[in-house]
Amino acid sequence: MPVIKDISIEIGMEEVLRREGIDAGKDMRPRIKEALDEALEEAGSSGLIEPVAAYESYRSTGMSEAGVRLEGGGEITGSLIPEVFPGADGLVAMVCTIGQGLEDRVREHFENGEQMRGLMLDGIGSAAVDVLSIEACHRVMQSLSARGAAVSSPVNPGMPGLPLTEQAHILELARAGEIGVSLTSGGMLVPRKSASMVIGVGENMPRWTQEQVCAKCFLRKNCLYRVRPATRG
Amino acid sequence: MGDDLVKALVDLDEDKVRDVVKSRLEAGDDPLGIMDDARKAMEVVGDRFAEGEYFIPELVFAGEILKDMTTAVKPYLNKASEQKYMGKVVLGTVAGDIHDIGKDIVGFMLDVNGFEVHDLGVDVPPRKFVEKVQETESPILALSGFLTLAYDSMKETVEALADAGLRDKVKVMIGGGQISDEIRAYTGADEFGKDAMAGVALAKKFIAAE
Ligand code: B12
């Protein structure tokens, strides 16, 4: 089971600001800048972010509108996978996490009345999960293309057609227990700053940018986290 | 003088707020009047936020300034006029959901606006909400959730409240992500709020109607 541990995550100020709705070019209030600087420093220096990803690839034994069956008896239900990569002859299940540390520290800040600091650190954590997911997908792509296969961009449970309840299957398939990620009884990932995803493997796998994903999302109009087109209309 | 304070807080001028509050208190100004100006200013901050002029960090910053102000004014309030909590609110992210930052901001803004907030954290089962409402006799229950799945948990929480015979004693507001009036109707909640300031306005409305 492949585990990726050597990913280093650099989060820039703009990454965090974008998620708070603030234009990096805009003048920032000193108090906000100070909190962000401190949080960036805290995140960078104290090992609060421990990025790790686990994945496994499987050959598909059959795909229908209802989902996909995998060698070894695994299965992922939902219409999204057959819809976006009908040509896949295999799948990669992946789970990544930045660990528990940052989340605990955010809680401490909130409990100590340091709301601004907590808010910024949490934003850094969410950005880190995004960056980690992208980088881990890139590694999977490199490793599989060395074997001659192409990979798609990832889809996440919670997207229409891939129910959140499928997280349980994905965790099992990715053997997420090995990196310390488990599920709550309600199907949520623990540690919380984690993400799960599925990648299609085959010939001509479709790829898309985050901007394209955002453009299709039901939150596209007002989500602060959305990636907007470079030229604004 | 009041306008100075309102403007300074609206502009998030931390130092100016501190100075104006200090000089007004030293001049023997009514501390309740000072807090009333703060309330007016927070309404304007809320409007700026709603209009997209201010973002979450600015809202939190305003909350921090307000918190410091309240601390400064407190010793000047005599027992009779000492501000009582506006009311109690039980708050949490519903079962099956872990998104908490929106809830935390709502909790903070309720707190600095004078509410006694009992935050149960994330992934909170309906039973826990009901128990806390019973224990604190809180007239307001605030539920947060960002996942589509959370709507069912919200509905179950409202039902659990009814099963415990508390539905007519407790006002329920919900918020988070894509919450709309349709979802509010589905869950059986009384109101929904788009952001933390809407949550504060709703909580005030609930208390006033009591
Ligand atoms: C940040 C984020 C995360 C962070 C969580 C950080 C945290 N501490 O909460 C991380 C990266 C951990 C995360 C993970 C996941 N997430 Co997420 N996440 C988001 C994101 C981008 C932003 C949510 C947020 O916190 N916004 C910041 C807040 C402050 O903004 P806000 O909404 O304006 O807040 C106001 C209102 O909501 C309101 N409010 C909130 N609560 C209440 C309550 C009351 C009573 C009132 C009145 C008002 C109110 O007041 C707030 C302050 O003004 C959303 C997309 C989005 N834009 O909503 C997805 C989103 C919610 N996530 C989603 C999903 C699916 C997940 C994952 C399951 C993905 C996965 N498979 O890996 C995982 C789950 C992880 C796990 N542990 O199981 C989906 C949900 C889809 C669905 N239909 O259910 C979304 C919508 C993304 C998407 N488009 O697909 N996520």
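Between domain 1 of chain B and domain 2 of chain B, zero residue pairs are in polar contact, counting pairs with both residues at pLDDT 80 or more; a polar contact here is a pair of N or O atoms within 3.5 Å, and within protein one must be able to donate a hydrogen and the other to accept it, with residues adjacent in sequence counting only if both atoms are side-chain atoms. This is a predicted model, where local features need pLDDT of at least 70 and side-chain atom pairs count only at pLDDT 80 or more, while totals for chains, interfaces and linings use all residues. Residues are numbered from 1 along each chain as its sequence is written, chains are lettered from A and ligands numbered from 1 in the order in which they are written, and side-chain values use heavy atoms, leaving out hydrogens and water.

**Inside chain B: domain against domain**

- Domain 1 runs over 2-79 and domain 2 over 83-209, with bounds from an automatic or database domain assignment.
- Salt bridges between domain 1 of chain B and domain 2 of chain B also come to zero (a side-chain nitrogen of Lys or Arg within 4 Å of a carboxyl oxygen of Asp or Glu).
- On the domain 1 side of chain B, α3 (31-50) and α4 (56-73) each supply at least two of the residues touching domain 2, helices being DSSP runs of H or I with at least four residues and strands runs of E with at least two, numbered from the N terminus.
- The largest share of that side, seven residues, belongs to α4(B).
- That side of domain 1 splits into nine nonpolar, two polar and three charged residues; Ala, Val, Leu, Ile, Met, Phe, Trp, Tyr, Cys and Pro count as nonpolar, Asp, Glu, Lys and Arg as charged, and the others, Gly among them, as polar.

**Chain B meets chain A**

- The rule turns up five salt bridges across the interface of chain B and chain A.
- A:Arg107 pairs with B:Asp100 in a salt bridge, with 3.2 Å between the closest N and O atoms.
- Seven residue pairs are in polar contact between chain B and chain A (both at pLDDT 80 or more).
- On the chain B side, α4 and α5 are the elements giving two or more residues, and α4(B) has the largest share with seven residues.

**The cobalt**

- B:His99 (NE2) is the single protein donor to the ligand's cobalt atom, 2.2 Å away; donors are N, O and S atoms within 2.8 Å of the metal (3.2 Å for Na, K and Ca), and sites may look incomplete, as water is not among the atoms.
- B:His99 sits in the loop between β1 (87-93) and α5 (101-112) of chain B.
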